[in-house]
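Student: Got a minute to go through this model with me? I'd like to talk about helix packing and pockets.

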Amino acid sequence: MTENPSRVVIVTGGSRGLGAGIVQSYLDTGDIVATCARSGTGQIDKWLADPATRDRLLFREVDLSDRAATAAFVKEVFDHWGQIDVLVNNAGVARDGVLGLASDDDIDAVIDLNLKGTLQITKLVSRRMLARGSGSIVNISSIVGLSGYRGLSVYSATKAAMDGLTRALARELGSRGIIVNSVAPGYLRTEMSHGLDEAQLGQIVRRTPAGRLGEPADVARLVQFLTAPENDYLTGQVIVIDGGLTA
Ligand code: NAP
C-alpha cells in the first residue's frame with residue numbers, strides 16, 4: 001500500500017442524478033472515485049467500460065442504511081488505495097406526504113439513509129482522515145432543511161440535522177486539518193424532483209432569479225471548490241446553491 005498522488009474521493013449515491021454529476025467532475029479532474037448505490041446503472045457501466053475512467057472508478061452495490069455493508073465498502077476503498085481524501089455524502093431519499101399520514105416505514109427509510117447512514121460513513125471515513133491529518137467532507141443537504149417544505153417534514157428534518165452535523169464536525173475536526181461543509185441545493189433536474197408536477201416546476205422556475213432549475217454540474221463545481229486542497233479556511237458552513245430562489 002503506497003501513498004497515492006491522486007486524490008481518493010468517495011461519493012455516495014453516484015449512480016445517477018446529482019451524485020453522478022459529482023462523480024463525473026472528480027473523474028474529469030483525474031481523481032480516483034469510489035461510489036456506491038443499491039444498484040448499478042447504465043452510467044456506471046459506461047464509466048467502467050471507458051479506458052479513460054475504468055481504472056479510477058470503484059462501484060459497489062451497498063445499501064448505506066446497512067452499517068455492516070457500509071463498513072465493508074469503506075474498508076475496501078481504504079485497503080485498495082490507502083487513503084481517503086474527500087467524502088461527499090450525497091445519497092439521499094425523500095418520501096412525499098404530510099407527516100400525519102406518513103407510514104413508520106417511510107419515516108424510518110428517510111432517517112436510516114439520510115441521517116444514520118450519513119453519520120455511519122462519516123464516522124468511519126473521518127477516522128481515516130484523522131489518522132492522516134487531512135481531508136474534506138461535504139454533506140449534500142437541501143434548501144428545505146433551512147426553509148422547510150410542505151409534505152417533506154421528515155426529509156427536511158434530516159437535512160437540517162445534516163447541517164447540524166456539519167457545524168459540530170467542523171469544530172471537532174478543524175484543528176486536525178479536516179474541512180467540513182454542507183451544500184444545500186435548490187431544485188435540481190434529477191429523478192428525485194420527478195415527484196413535482198409541471199405546474200410546480202414552472203412556479204419554481206418563475207421564482208428563481210437564474211430562470212432555470214439547477215443542474216448537477218452547477219453543484220459539482222461548488223463541491224470541487226470546497227474540497228480543493230487550496231481550501232483550508234472555509235469550513236462549518238451551509239452553502240446554498242439555488243439560482244437565487246431563497247435570496
Ligand atoms: P436521486 O436521483 O434519487 O439519486 C439518489 C442516489 O442515491 C442514487 O444513486 C441512489 O441509488 C442512491 N441511494 C438511494 N438510496 C440509497 C441507499 N439506501 N443506499 C445507497 N445509495 C442509495 O437523487 P438526487 O436528486 O440526485 O439527490 C442527490 C442528493 O441531493 C440527495 O441527498 C438529495 O436529498 C439532495 N438534493 C436533491 C435535490 C433535487 O431537487 N433533486 C435538491 C436538494 C438536495 P439507488 O436507488 O440504486 O440506491
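Tutor: Sure, we'll take a helix pair and then a pocket. This is a predicted model, where local features need pLDDT of at least 70, side-chain atom pairs count only at pLDDT 80 or more, and totals for chains, interfaces and linings use all residues. Residues are numbered from 1 along each chain as its sequence is written, and side-chain values use heavy atoms, with hydrogens and water left out.

Student: At what angle do helix 1 and helix 8 cross?

Tutor: Roughly 50 degrees, and the axes of helix 1 (residues 17-28) and helix 8 (residues 216-227) come within 8 Å. Helices here are DSSP runs of H or I, at least four residues, numbered from the N terminus. Axes are lines fitted to C-alpha atoms over the stretch in contact, with angles from 0 to 180 degrees between N-to-C directions.

Student: Which residues make the contact?

Tutor: Contact means heavy atoms within 4.5 Å. Helix 1 uses Gly17, Leu18, Gly21, Ile22, Ser25 and Tyr26, while helix 8 uses Pro216, Val219, Ala220, Val223, Gln224 and Thr227.

Student: And what kinds of residues are they?

Tutor: Seven nonpolar, five polar and no charged. Ala, Val, Leu, Ile, Met, Phe, Trp, Tyr, Cys and Pro count as nonpolar, Asp, Glu, Lys and Arg as charged, and the others, Gly among them, as polar.

Student: New topic: which element gives the most to the lining of the largest pocket?

Tutor: Helix 1, with three residues. The lining as a whole divides into 22 nonpolar, 16 polar and eight charged residues.

Student: What about the lining of the second largest pocket?

Tutor: That one has five nonpolar, six polar and three charged residues. Strand 5 (135-140) and helix 8 each supply at least two of them; a strand is a DSSP run of E, at least two residues. A pocket is an open set of points on a 1 Å grid over the protein atoms alone, where a 1.4 Å probe fits, with protein on both sides within 12 Å along at least five of seven lines; lining residues have an atom within 4 Å of a point.
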